[in-house]
Each structure stands twice: as structure tokens, then as C-alpha cells.
Amino acid sequence: MNQYPVVRVMDIEGTLPFSSSLETALHIYQDMILLRAFDEKTLTLQRQGRVGTFAPSLGQEAAEIASAYALDRQDWMVPSYRDHGALYVHGLPLDHVILFAMGRSGSYAAGVRALPSSIPIATHLLHAVGLAYALKQQAEPAIAMAYFGDGATSEGDFHEALNFAGVWQVPVLFFCQNNGWAISTPVHRQTHSETLAQKAEAYGIAGVRVDGNDALAVYEVVRQAREKAIQGHGPTLIEAVTYRAGPHTTADDPTRYRTSNEVNIHTAQDPIRRLGEFLIQQGLLTEGAMVPLARAAATQLQQRYGWDVEIVDVRSLSPLDEETLGQSVRKTGRAVIVHEAPLTGGFGAEILATVTEQAFWWLKAPIVRVTGPDVPFPPYAWEDWYVPNVSRIAHAIGQVMAEE
Ligand SMILES: Cc1ncc(C[n+]2csc(CCOP(=O)(O)OP(=O)(O)O)c2C)c(N)n1
Ligand SMILES: [Mg+2]
């Protein structure tokens, strides 16, 4: 039997080269962040009773967004209920997604080559094969791509669809997001197959397994499978291995069937953080100027005393991510604020006030600021003396750790 190794482009730390355009990578990253923000917003709307049941994409942003970037607008997207991000990339405005969740179908997807999201599991895979059959008949240089989950591979429709697609050799891609769970059923209770990709073999079609948290690998794999289908070389089953970090839908409580330890292990592979690291290394994203210094100080202290230091990079001052600041300090009970500007009137004072508002009762030590001194910024030769350095930051961390 064929082997199904996982295709990867970036490793966990977000390194390794990428042959495609970096501009595409940047756009994918932006839309992954947008999808996460959309998820958060829609969850709030749902909790307020303003939209119906909603399936979030938390943890699956790379698979959702990068797969859709690999398609062309004339391709048919055949989505499932979780694929808001993919639909958005394919041209569906996000407000249509919300309207659909509120039960209004009206002008849904007008002009966009996308079917309505399928709630029944796997039935839409046959519709995708039918669309691909039509594309082939009309000699259109386009494909159909069906989105579905690991649970769908146990449905008869999945097998019928792969069978027809193989027999007819139509330009269809089956994009399976193996997110580990079908509501409360884990993958190992779904199938005894080692992989989902290998199920392609029985139908005489290609099967590929890709790291679904590696946005660039997902993009490459879908792009290549699409090219192959357009050239008349048949369908592909793509298994994107990812993780559903949130609930199945707003009607689900995953704490009843999985441990927080499992969730923590997977969220360490967060696809957004990973692509972010890659883009920073490519010089396309920057991190705060003090972050590398803070990281060096944290590494030193970890090695010397075994301390775990959490670094929060405040990406924008307005809006200020107060929630993250509060969460971090509620966890550690300590805070060191680092910036290059002078102490007096610096933004650090604003952060200090915010942290105090958010987490005063959790503080185990007074907050310490490491900043430039209260003098005008000096000429270049004196810059090293002026801006905070690793040893000053390490010293400040030592100060907040000393109070026990
Ligand atoms: C034909 C059919 N059977 C059962 C259901 C109920 N149901 C909704 S979602 C779901 C699990 C699907 O899991 P998976 O395919 O892994 O997709 P995921 O939700 O993880 O994205 C089930 C059984 C359904 N919607 N349709
Ligand atoms: Mg699933």
C-alpha cells in the first residue's frame, strides 16, 4: 500500500522556506486573523441570542483560509457548516454568513460559485462530483471542491462520491479537515484506518495527507491537486490534519468528553502563531522592538532558575488588547513593562493602569517598568546606553519574582 506521509512546509516554530509568493502568505495570515475575530464576534452574538447555532473555526484557520486561497473564483466551492472562512475568501461577504445563520437566505452567495453550507454530513460530496461532471462536460478550466470533516468519511455518501469521481475522472477535490473529533466521537472510534487519506486508494484516486496547521503546506497541496485535476488527471482526497480547539458548535460542551490537557497540547500548535513566526522571520511582520530583548532575558532566567516568563507583545496601542494583558497577569501575578520611550508620560503608564484595573487582586508584587530615562533621545553613539537592555530586563524580572 502507498504511504501517506504528512506534507509540511513550515515546522512548529514557523521556519523553513516557501516557494510561493510571500504576498499570498501575508494575505492568508491577515484572513486567518480576520476569521478568528469573526468567530469571537459571532460567538458573542450567539450568546446574546442574536444569531442561531454557530460552528466556530478556532484552530482550523490555516486549513480553512489557505485551502480557499488555492482556488480560483471560477471553481465551485461546496462547503459544510464550519467553512465561513473559506466562503469569505471565495467571495462571500461575512455579513451574508451571519444572515444565513439568522435564517435569511435571500441573496445568499449571489454571483459566488458556492453552494449553501451543507448541514447534512457528506451528502454534498455527491453534489460536488455532479458539479465537476458538468465542468468536464462543458470543458471549463475549473474544479469543484467539497469541504467536510473526519466524521463524514463514515457516511455512505463519502464512499459513493469518491467512487463516482474515480470512475468518471472528474475535476473534483475532496478536502477533509481531520480535526480530531466528530462532535464527541474521536477519530480512532470513527475508523480503524491509520489515515483518512488512504481511503482514496480503494477508489483509484490520489490521496494526500497535509499538516492542516501549516497554512503554506495546505496552500501548496491544494494548488497542486487543483492543477492536476484541471489537466484531466483526476480527483484527489486531501486529508488536512488539524484540531478543533473550540466546541463543535455553540450547542456543545466539549469539557464533557475531552481533557483540557489534550486541548492545551494542540493549541500549542496554533496555526496563526506559526504563520506569524514565519512572516516575522521573512521580515514581513515585525514584533515590538523590545520583544527579542525580553525573550533573551526570559531564556536566561529559565536556564538559571527554571522560571517561566510569559511575553505579551502589544501589537497595537489602540485598540489595546486589555483582555490578554489581564489574563496574563491573572496567571502569573506579576508584570514587567518594557519600552524604549522615557518613563514619564510613556505608554507603559497606561499599560500599568490597565493591568491594575484588570488584575489588581492577583498581583503578588509591585509592577516594575523598564524604560528609557527621562531625558531627550540621545545621538546614535549613546543609544545602547539609553534603550533597555537584556540585563536591565532580567533584573526587573528578578525584582518582581523576589516578592513572595
Ligand atoms: C447525515 C447526518 N448525520 C448526522 C448529523 C449530525 N451531526 C452534525 S455534525 C456531526 C459530526 C460531524 O463531524 P465531522 O465530520 O468530523 O465534522 P466537524 O464537525 O468536526 O467539522 C454529526 C454527526 C448530520 N448533520 N447529518
Ligand atoms: Mg471532525
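**Exercise 1. Identify the protein donors of the magnesium ion (ligand 2) and place them along the chain.**

Step 1. Apply the cut-off. Donors are N, O and S atoms within 2.8 Å of the metal (3.2 Å for Na, K and Ca); water is not among the atoms, so sites may look incomplete.

Step 2. List the donors. In this predicted model, the magnesium ion (ligand 2) has the protein donors Asp150 (OD), Asn179 (OD1) and Trp181 (O). They lie 2.1 to 2.2 Å from the ion.

Step 3. Read the spacing. Along the chain, the donors follow D-x28-N-x1-W.

Step 4. Assign the elements. Aspartate 150 sits in the loop between β3 (144-149) and α6 (156-168). Asparagine 179 sits in the loop between β4 (172-178) and β5 (181-182). The pair is 29 residues apart and links distant parts of the chain. Elements are DSSP runs, numbered from the N terminus: helices are H or I with at least four residues, strands are E with at least two.

Step 5. Check burial. Aspartate 150 and asparagine 179 are both buried. Buried means under 20% relative accessible area, exposed over 50%, partly exposed in between (1.4 Å probe, protein chains only).

Two conventions apply throughout. Residues are numbered from 1 along each chain as its sequence is written, and chains are lettered from A and ligands numbered from 1 in the order in which they are written. Local features need pLDDT of at least 70, side-chain atom pairs count only at pLDDT 80 or more, and totals for chains, interfaces and linings use all residues, while side-chain values use heavy atoms, with hydrogens and water left out.

**Exercise 2. Describe the surroundings of ligand 1.**

Step 1. Take the shell. 15 residues surround ligand 1 (a heavy atom within 4 Å). The closest are Tyr81, Arg82, Gly151, Asn179 and Trp181.

Step 2. Find polar contacts, here pairs of N or O atoms within 3.5 Å; within protein, one must be able to donate a hydrogen and the other to accept it, and residues adjacent in sequence count only if both atoms are side-chain atoms. The side chain of tyrosine 81 places an N or O atom 2.6 Å from an oxygen atom of ligand 1. A polar backbone atom of isoleucine 119 is 3.0 Å from a nitrogen atom of the ligand. Histidine 248 has a polar side-chain atom 3.2 Å from an oxygen atom of ligand 1.

Step 3. Quantify the cover. Alone, ligand 1 exposes 590 Å², and the protein buries 70% of that. The areas come from the Shrake-Rupley method with a 1.4 Å probe; for residues, only the protein chains shown count as cover.

**Exercise 3. Is serine 67 buried or exposed, and where does it lie?**

Step 1. Locate the residue. Serine 67 belongs to helix α2 (residues 61-69).

Step 2. Classify it. With a relative accessible area of 0%, serine 67 is buried.

Step 3. Find a partner. A polar side-chain atom of serine 67 lies 3.0 Å from the backbone oxygen of glutamate 64.

**Exercise 4. Examine the positive phi of glutamine 169 and of isoleucine 183.**

Step 1. Glutamine 169 is not a glycine, yet its phi is about 50 degrees. This residue lies in the loop between α6 and β4. Glutamine 169 is partly exposed because its relative accessible area is 30%.

Step 2. Isoleucine 183 also has a positive phi of about 50 degrees. Its loop runs between β5 and β6 (185-186). At 41% relative accessible area, isoleucine 183 is partly exposed.
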